[in-house]
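Student: I have a new model on my screen and would like to learn how to read it. Could you walk me through it, step by step?

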Amino acid sequence: MKILIQNGHVVDPLTGVDEVCDVLVRDTDIEKVEKNLQAEADRVIDASGCYVMPGFIDLHVHLRDPGLTQKETLSTGGMAAARGGVTTVCAMPNTKPVIDTKEKVEEVHRRAKEESLVHVIQLGSMTMGECGEELSDIEGMAQAGCYALSEDGKSVMNAFLFRKAMRKAKENDLLIFSHCEDISMVEGGVMNAGKRAEELGVKGITNSVEDVIVARDILIAKELDATLHLCHCSTADSVRMIKDAKEAGLKVTGEVCPHHFILTDEDIPENNGIWKMNPPLRSKADVEALRQGLKDGVMDVISTDHAPHMMSEKDKPMEQAAFGIVGLETSACLTYTELVEKGVLTVMQMAEKMSYNPAKILGLKDRGSVSAGKKADIVVFDPRREYQIDVDTFASKGKNTPFDGWEVKGEVCCTLADGKIVYEK
């Protein structure tokens, strides 16, 4: 099967190509990227006026499968990803059962090849059952291709055990994806600690809840010379500590989610669970620090922390609601609208944060680039399209987002994964 993508503005962080070119796909790979390419093809896609970027790679997704399929499945999550231009997702292990053995990783990978439109990398938990008491089958999960360990949804509070997991991960060439939250300091909080929490009469979550574990995990990574990726960073001090770590030559990277670089706690209009997420929406100062960190290259990645829930779990006061927000289908348009259109990032930087850098962090040398010889994981993105986000159009089972009705610019109009068109507007 040969597909020719014509007249699109190719944006490729690997080669630096930033101009109108044609892209020829043969079977699963990109064969040529040239101007005015003359070639026969089974299918021609006219990408005039659109950007052609490497398929987005989301390092932080909750597919809820196995065990919580009333919220999401490999199939619906894959469709949502494809609709959002995401061609590879890293699935967090806090499912039921928790993914903590080689066999469980292999089973998800086997099923994903049959059920998901996009690539699924199943991550493994650091401890058995995410109970924080004994290490999981780290060596076996590495053999099954889990790429990284995460206790997402919580931190491994025992620093000795966390260090032991990081050491074992390093021995098996795995990354650590840290959810940074000192649970002993949460004290029943449901949103950012500050004036708005006081006005709404709810308990707040301080920045130090995140910052204490960020500092701990960076210091342990320094001791072990290990590789650490910090998930869903939300505070100004997280940005500062990552900057310091990089300047010290440590192998530390960080991600930011769209809701954290756009919304603040002051945007929360009422005590409703749709606004409840972990970490919570922070202050204006934190948002500005995150945006500056993305602009300066301190923060490497834009991920979603896509966390679907049934609306019955969200449409209630924050004290009673589940934490979480969906994002696979809105990440690209929100990033373009709020960062590219407003001059915080260039389109090239958008492709870096959403594809090239995630591929580099994972060591996926065949992805993250629109260049000859790479896998044909490609997104065609129309920056001209203006519309309102509408949760009723989502492919995801999850509709839990405060961005419903948000005015955005930029839309995914075609997604290819392994050379197959998996979504087309």
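Student: Which domains does the domain assignment give for the protein?

Tutor: This is a predicted model, so let's read it as one. A domain can be built from pieces that are apart in sequence, and that is what the assignment gives here: domain 1 takes in 1–49 + 372–388 + 406–422, and domain 2 is 54–360. The centres of domain 1 and domain 2, taken over C-alpha atoms, are separated by 28 Å.

Student: How many residues of domain 1 and domain 2 are in contact?

Tutor: On the domain 1 side there are 24 residues, and they are in contact with 26 residues of domain 2.

Student: What does UniProt say about residues 51–422?

Tutor: An unreviewed UniProt entry gives them the annotation "domain: Amidohydrolase-related". Over residues 51–422 the chain is 34% helix and 18% strand, with 18 Å between the end C-alpha atoms.

Student: How do I judge whether the protein is compact for its length?

Tutor: Start with the inventory: twelve helices and 18 strands. Then compare the radius of gyration with what a globule rule gives for the chain length. The protein comes out at 20 Å, close to the 22 Å that the rule gives for 425 residues, so it is as compact as a globular protein of that length. Its C-alpha trace spans about 65 × 45 × 45 Å along the principal axes.

Student: What share of the residues is buried?

Tutor: Of the 425 residues, 60% are buried. Contacts add to the picture: among those with a separation of 6 or more, 75% are between residues 24 or more positions apart. On the outside, the accessible surface comes to about 16,000 Å², and carbon and sulfur atoms account for 47% of that.

Student: Now for the chemistry side. Where does UniProt place the feature "binding site"?

Tutor: The unreviewed entry puts that feature at Asp152, His179 and His232. A useful check is to set the sequence span beside the distances in space. These three span 81 residues in sequence, yet no two of their C-alpha atoms are more than 10.3 Å apart, so they gather at one spot.

Student: Is Asp152 buried or exposed?

Tutor: The cut-off for buried is under 20% relative accessible area. Asp152 has 2%, so this residue counts as buried. Asp152 sits in the loop between strand E9 (148–150) and helix H4 (159–171). Beyond its sequence neighbours within four places, its contacts include His60, Glu130, His179, His232 and Asp305. With His60, Asp152 also forms a side-chain polar contact of 3.1 Å.

Student: Where does His179 lie, and which side chains does it join in polar contacts?

Tutor: Look in the loop between strand E10 (175–178) and strand E11 (191–192). His179 is buried, at a relative accessible area of 5%. Its side chain has a polar contact of 2.8 Å with that of Glu181, and one of 3.0 Å with that of His232. Leaving out residues up to four places away in sequence, His179 touches Asp152, Gly153, Lys154, Ser155, His232 and Asn278.

Student: And His232, where is it found?

Tutor: His232 is in the loop between strand E13 (228–230) and helix H7 (236–247), and is buried with a relative accessible area of 2%. Not counting neighbours within four places in sequence, the residues in contact with His232 include His60, Asp152, His179, Cys180, Glu255 and Asp305. Put the two contact lists side by side, and you will find His60 and Asp305 in that of Asp152 and in that of His232.

Methods:
Residues numbered from 1 in each chain as written. Predicted model: local features only at pLDDT ≥ 70, side-chain atom pairs only at ≥ 80, totals over all residues. Heavy atoms only, no water. UniProt positions renumbered as here; feature names shortened; annotations may be inferred. Helix = DSSP H or I, 4+ residues; strand = E, 2+ residues; numbered from the N terminus. Buried < 20%, exposed > 50% of the residue type's maximum accessible area, 1.4 Å probe, protein only. Contact = heavy atoms within 4.5 Å. Polar contact = N/O pair within 3.5 Å; in protein donor to acceptor, adjacent residues only side chain to side chain. Rg over C-alpha atoms; globule rule 2.2 N^0.38 Å. Areas by Shrake-Rupley, 256 points an atom, 1.4 Å probe, with all protein chains shown as cover. Domains from an automatic or database assignment.
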